[in-house]
Each structure stands twice: as structure tokens, then as C-alpha cells.
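Q: Got a minute to go through this one with me? I'd like a quick tour before I set anything up.

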Amino acid sequence: MTIVNVELLQSCSSRPGREGRDRLEILTTLINGPSFDAMFRPDVIDIPPEHPIYRWVCIVDGCQRPGSGSGDLCGEHEIQWSRERARGVGKAAFVSAATGLPRYVRVEDTACRICPDRPIAQSELLLCRSHQMRWFRYQQSVGEAAQFDEWLNSQSPLPGYGTCVVAVCLSRAHAPLGLCARHDARYDRDGRPGGAMLPVRWWNRYERIGEPVPIDYADEHRSAAGAPPPRRHRAAAGSICSGCGRWWPRRSSGDCSSTLAAPGRNAGSSGGSVRW
Ligand SMILES: [Zn+2]
Ligand SMILES: [Zn+2]
Ligand SMILES: [Zn+2]
């Protein structure tokens, strides 16, 4: 049973100005109560694969792949099941006879064959970006005599960039910015809010010679120069832009660049359909 703090409820109605804060306090009290499932308390909710209600892993014994769509079988077992069903096999018989499959490992989640803490840059050589660049340079200098295995044995592992800084992501960061390849692409797609950038040719200018790579933030430029640099944000129509927090109506391009290029101007007051 859940016990609600009555004093908090009363204060909520008598002081309307405090309603938001009081509601938050009530919510916090409820969340910290004994009847609230502790699984939902952390900021990042980790649901076990075989959770009795929110199970997300394939129901075939030992299968590590997630169920596809609203189904309880992974994509591969779903295909196998539809074939077997056409031959008159029942689902229970199929599930008990099927063999579990290992989970997919994305290319970017594979470690460099030299550095355990760096992800590979591409699947052919299985090398991180630094070792791939070193291999290309070595090939250029030695020519056809370059032997991959020989070169491999002469290399040492490099320190990684840590785990991706996105709270829910467990992938290795692929560059000094601290994002994995997928979140780096997502950050770019969202218009790089905050304007965090690595210097041009950062690998050649810094990492190759063992220098720390500086990270440039647009927000820092804003305080130094007194005016914000133009920033481009894009949001899907009918959503909130993750770059500037503005809501974009359904019939809009979702491109905030024109408004941000003119600092201090509110798009809503200048005839646009956007509000801050
Ligand atoms: Zn499966
Ligand atoms: Zn490496
Ligand atoms: Zn990530």
C-alpha cells in the first residue's frame, strides 16, 4: 500500500504558487516509498532481459537477441517460426526445439585488435582510427614490402577515450569528444547543441604526436566574444528541438538556424510559428 504525505497535499492546495514544487516532493516521497519498484528509481532504468512483465529478450531458451517489434521471438527465430508454422508445427514445439542465438555485436562495439579500450574504425582491418592511420602511413613509407602481421607485432595498445558520455550508452567512445560513433552521428544530426567540436585534423596535429586534444565549445566562445555564434539545430516537425528546447509545430521545417543566426530575436515575435 502507498502512504501519501497528507501535509504535503494540503500545502499544495493552500499555496498555488508552490504547486509544482510540492507535486515534485509528493512524487519523490512516493518513489522512495517501500511499494515503489526500486528498478524504476535510478535516472537510467535498466530492465533485466527476462523481467516477468517487461521481458524484452527472445523466448527461445538461451537466445540473447531482443524480441522483434511486439513479438516475443527475435528476428531470426521469427523467420524460422513462420517457416515451421507453414509446415504445421506448433509454437510450443518450435520454441522448445529451437537453439538460442548469440547477440549481434555492432561494428562500433568491437575492440581494436591492438587496443582493448578503443573501438574499431571499420570492420575490414579491425583497427582503431589511430592504428588504422598508422598502418596507412607505414604502407606509404614502406610500399609493397609492408607486412601487416609484422607491423601489428611492433604496435602497442593506446589508452581508450572511456565509455560514451551519453548516460544510457555502454559503447566505447571513438574520439576525444567522449561519444561513441553512433552518438557522435546523432549529435551531428541534432545540430551539435553547445557546439562541442574537435580541432580540424585533430589526429595529425595532436594525438599522433602525443599531445592532449583540446575540445572547442561554442558556449565558451559566447562568453569570450560577448555574442553567441550561429548554431544550427534541427528537430522533427511536431517535436521539441533537443538543441534549443523549442517546440516545432507539425507544419514546420524544424530548422532553427535562421532564428539563431540573429541572436536575441525571438522567432515567435517576428511572425514565425515558433515559441520559446
Ligand atoms: Zn531468438
Ligand atoms: Zn588501436
Ligand atoms: Zn554512445
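Q: What's the mean pLDDT of the protein, and what share of its residues reach 70 or more?
A: This is a predicted model, and its mean pLDDT is 78, with 73% of the residues at 70 or more.

Q: Where is confidence lowest, and where is it highest?
A: The low end is helix α10, residues 257-260, with a mean of 40. The high end is α4, at 95.

Q: Which other stretch is below 50?
A: Residues 244-254 are below 50, and in the model that stretch has 29 contacts beyond near neighbours in sequence. Residues 221-233 also stay under 50, with 26 contacts beyond four places in sequence. Where pLDDT is low, the predicted coordinates should not be read in detail.

Q: OK, fold next. How many helices and strands are there in the protein?
A: Ten helices and two strands. From the N terminus the order is α-α-α-α-α-α-α-α-α-β-β-α, so the two strands sit between the ninth helix and the tenth.

Q: What percentage of the residues count as buried?
A: 13% of the 276 residues. As for contacts with a separation of 6 or more, 32% of them join residues 24 or more positions apart.

Q: Let's do individual helices. How many buried residues does α2 have?
A: One among its 14 residues, so α2 is hardly covered, given that buried takes 20 or more other C-beta atoms within 10 Å.

Q: And what span should α2 have at 1.5 Å a residue?
A: Its 14 residues, 19-32, should span 20 Å, and the end C-alpha atoms are 20 Å apart, which agrees.

Q: How far does α5 reach from its first C-alpha to its last?
A: It reaches 20 Å with 14 residues, close to the 20 Å expected at 1.5 Å a residue. Glycine 143 follows α5 and has a positive phi, near 80°.

Q: Which residues are buried in α7?
A: Ala181, His183 and Asp184, in a helix that runs over residues 181-189. Those three cover an arc of only 165° around the axis, which puts them on the same side of α7.

Q: What's on the other side of α7, then?
A: Ala185 and Arg189 are there, and they're exposed. As background, an α-helix has 3.6 residues a turn, so residues three or four places apart point the same way.

Q: What happens just after α7?
A: Glycine 191 takes a positive phi of about 85°. Arginine 192 has a positive phi too, about 50°, although it isn't a glycine.

Q: Where is arginine 192 found, and why does it count as partly exposed?
A: You'll find arginine 192 in the loop between α7 and α8 (202-205). It counts as partly exposed because it has 16 C-beta neighbours inside 10 Å.

Q: What's the phi of leucine 126?
A: Near 55°, again a positive value in a residue other than glycine. Leucine 126 is in the loop between α4 and α5 (129-142), and with 16 C-beta neighbours inside 10 Å it counts as partly exposed.

Q: Last one: serine 96. Where is its place, and is it exposed or buried?
A: Serine 96 is in helix α4, residues 91-97. It counts as exposed because it has 10 C-beta neighbours inside 10 Å.

Q: How far apart are serine 96 and aspartate 61 in space?
A: They're 7.4 Å apart, C-alpha to C-alpha, with their positions 35 residues apart in sequence numbering.

How values were computed. Residues are numbered from 1 along each chain as its sequence is written. Chains are lettered from A and ligands numbered from 1 in the order in which they are written. This is a predicted model: local features need pLDDT of at least 70, side-chain atom pairs count only at pLDDT 80 or more; totals for chains, interfaces and linings use all residues. Helices (H or I, at least four residues) and strands (E, at least two) are DSSP runs, numbered from the N terminus. The expected span of a helix is 1.5 Å times one less than its number of residues. A residue is buried if 20 or more other C-beta atoms lie within 10 Å of its own, exposed if 12 or fewer, and partly exposed in between; C-beta atoms are placed from the backbone. Two residues are in contact if their C-beta atoms, placed from the backbone, lie within 7 Å. The arc is that of the directions from the helix axis to the C-beta atoms. pLDDT is the predictor's confidence in each residue, from 0 to 100.
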